[in-house]
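Visitor: Could you take me through the salt bridges here, one pair at a time? I'd like a close look at who pairs with whom.

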Amino acid sequence: MTDPHRWLRAGTAGRPHGLDGSFYVADPVPELLDNGAVLHVGGIERSVIRRAGTDARPIIRLSGCADRDGALALRGQELLVLRDRAPELGADEWWADELEGCTVRDGTVEVGTVTRMVALPSCEVLEVARPQGGETPLLIPLVSDAVRSVDVAARLIDVDLRFLGEA
């Protein structure tokens, strides 16, 4: 697991749920946690054999984890998926780690750097650290009115500051 670009983070094993080895997933990426998905946990490959709960608060059980003690042993460990085993994304969709670290500009004006993507009830937003630092981060909704273009290869996102009320 030395190449971080090879892996997607599906969440973190949380507290156990029941006695059968199921547990809650903290900070989940629901589309990576379907039944049958192959996850790497602590360097061991395991399959999702049960999925319950909601997308916001999924409960899963993994192969090789048959009781509450097994679920407790996994608590706090990252759940990873090989990028090439992840479901295909549609046009204008990205995994969060593809956008983190991208430079954000409005034309030639530097706005800042993406620190993370946050899922809100209405849409996902980019949290952008401003170049001066110290100020609160700028939140940019991932909607076409706010984001003109995303070039993952160039690590560049072009936004409309006027739409965001920043110009």
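Guide: Here is a walk through three of the pairs and where they sit. This is a predicted model, where local features need pLDDT of at least 70, side-chain atom pairs count only at pLDDT 80 or more, and totals for chains, interfaces and linings use all residues. Residues are numbered from 1 along each chain as its sequence is written, and side-chain values use heavy atoms, with hydrogens and water left out.

A salt bridge here is a side-chain nitrogen of Lys or Arg within 4 Å of a carboxyl oxygen of Asp or Glu. That rule gives eleven salt bridges. Take Arg-9 and Glu-78, with N to O at 3.1 Å. Arg-9 belongs to strand S1 (residues 7-16) and Glu-78 to strand S6, so this pair ties together parts 69 residues apart in sequence. (Strands are DSSP runs of E, at least two residues; helices are runs of H or I, at least four; both are numbered from the N terminus.)

Next, Arg-85 meets Glu-45, their closest N and O atoms 3.7 Å apart. Here the loop between S6 and H2 supplies Arg-85, while Glu-45 comes from strand S4 (residues 44-53), 40 residues apart.

Then there's Arg-148 with Asp-158, at 3.4 Å between the closest N and O atoms. Arg-148 is in strand S11 (residues 147-151) and Asp-158 in strand S12 (residues 156-159), ten residues apart. Shared partners join Asp-106, Arg-148, Asp-158 and Asp-160 into one salt-bridge network. As for cover, buried means under 20% relative accessible area, exposed over 50%, and partly exposed in between (1.4 Å probe, protein chains only). Asp-158 counts as buried because its value is 17%, whereas Arg-148, at 44%, is partly exposed.
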